[in-house]
Amino acid sequence: MFEIGNSLREARVRQQLELGEVELATKIRARYLRALEEESFEALPAQTYVKGFLRTYADYLGLDGQLYVDEFNSRYAGEDGEPHEPVVARRTSSVRRQQHRRVERRWVIFALAGIGALLAFFFAAWKFGGKDAEQIPNLGSTTATTTNKVLPPATPTKAAPKKPATFRLYVRALHGNSWMDVRNGSQSGRALFTGTVELGGQDHRWVSRRLWINFGAPGNLGIVFNGHLVDITRSGTFVFTPRGFSRAA
């Protein structure tokens, strides 16, 4: 059991988000968001709204929305769908065995789905990396001829300026939703993407010289940097350059 309201508030404060910003992004009124953080569920129109708002708000913060709905159901929702206080009931051994079997079946399904998602992720990342491979021009052989003609001295030419180096970044949700804020160059740069990367949703790709990214729950993501899978598990801001990536100051 965990505190629903406090964990939502702590996640929002940790990401330096105001209720007004969350209201614009999620389309949930600020007073309802505040009611969720204070666990004043009676202030919401109906119990169905509570569950929908909980899932949307938690997913936006990069949390597991279904976990919050399950916690709410276990504490407040009865079979009649009306809120009530939790009731402790004695369970028989047969009930425990049935629940254990249901949990095992769920884990098998989750494991198979995760394997399929990983295979699709690596295949898509391989295709993405292959598109940017540079083709080496065909160098034909030439035969030098010797002549008695004196050639004028060669005029030095200016070296062509080197193109700025870039990198490729590929992101897909593998284990759950994750909120992201991607900006060009720095925190004050142009916004390239701000929202939730949803499980089973669209993949995201960028080719850039420098990216500033704020991750909500990077552990739910598969992140490929220049064709290599990288491990970022802690939320926060990172700066990506062609040389690599590091946590932003």
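**Two cores, a long helix and a run of paired strands**

In this predicted model, Y57 touches seven residues beyond its close sequence neighbours: L8, R12, L19, V22, L33, L36 and E37. Positions up to four places away in sequence are left out of that list. Apart from the core around Y57 lies another core, made of 19 residues. V182, L211, L221 and I232 are among the members of this other core.

Y57 belongs to the largest nonpolar core, which holds 25 residues. Within this core, L8, L36 and Y57 touch the most other members. Five helices each supply at least two of the core residues. They are α1 (4-14), α2 (19-26), α3 (30-37), α4 (47-60) and α5 (65-76). The biggest share comes from α4, which gives six residues.

Helix α1 shows how this part of the chain is packed. Its buried residues are I4, G5, S7, L8, A11 and R12. These buried residues pack against four helices, namely α2, α3, α4 and α5. L8 thus appears twice: as a buried residue of α1 and among the residues with the most contacts to other core members. Both L8 and R12 are also touched by Y57.

The stretches around these helices contain some positive phi angles. Just after α1, Q16 has a positive phi of about 60°. K27 takes a positive phi of about 65°, although K27 is not a glycine. This residue sits in the loop between α2 and α3. K27 has a relative accessible area of 71%, over the 50% limit, so K27 counts as exposed. E39 is likewise not a glycine, and its phi is positive at about 60°. The loop between α3 and α4 holds E39. With a relative accessible area of 23%, E39 is partly exposed.

The protein chain as a whole has six helices and nine strands. It counts 249 residues, and 36% of them are buried. Many contacts link distant parts of the sequence. Among contacts with a separation of 6 or more, 63% join residues 24 or more positions apart. The chain exposes about 17,300 Å². Carbon and sulfur atoms supply 53% of that area.

Helix α6 covers residues 93-131, and I115 lies in this helix. I115 has a relative accessibility of 49%, just short of the 50% that exposed residues must pass, so I115 counts as partly exposed. Together with L112 and L119, I115 forms a nonpolar patch on the surface. The three residues have about 330 Å² of accessible area together.

A117 is also found in α6. Its relative accessible area is 23%, which makes A117 partly exposed. A117 touches R172 and L174, with residues up to four places away in sequence not counted. A117 and A173 are 56 residues apart in sequence. In space, their C-alpha atoms are 8.9 Å apart.

The strands near the end of the numbering pair with one another. Strand β5 spans residues 211-215, and strand β8 spans residues 236-241. These two strands run antiparallel and are joined by five bridges. In this pairing, I213 has F238 of β8 as its bridge partner. Strand β9 (residues 244-247) also pairs with β8. That pairing is antiparallel too, over four bridges. Here F240 stands opposite F245 in β9. A hairpin of two residues joins β8 to β9. Strand β8 therefore has two antiparallel partners, β5 and β9, because at least two bridges make a pair.

N214 has its place in β5. At 11%, the relative accessible area of N214 is under 20%, so N214 is buried. Beyond its close sequence neighbours, N214 touches W179, M180, D181, G236 and T237. G236 and T237 fall within the residue range of β8. L211, which falls within the range of β5, is one of the members of the 19-residue core.

Methods. Residues numbered from 1 in each chain as written. Predicted model: local features only at pLDDT ≥ 70, side-chain atom pairs only at ≥ 80, totals over all residues. Heavy atoms only, no water. Buried < 20%, exposed > 50% of the residue type's maximum accessible area, 1.4 Å probe, protein only. Contact = heavy atoms within 4.5 Å. Areas by Shrake-Rupley, 256 points an atom, 1.4 Å probe, with all protein chains shown as cover. Patch = residues over 30% accessible without salt bridge, like charges linked within 9 Å, V, L, I, M, F, W, Y side chains within 5 Å. Salt bridge = Lys/Arg side-chain N within 4 Å of Asp/Glu carboxyl O. Core = buried A, V, L, I, M, F, W, Y, C linked by side-chain atoms within 4.5 Å.
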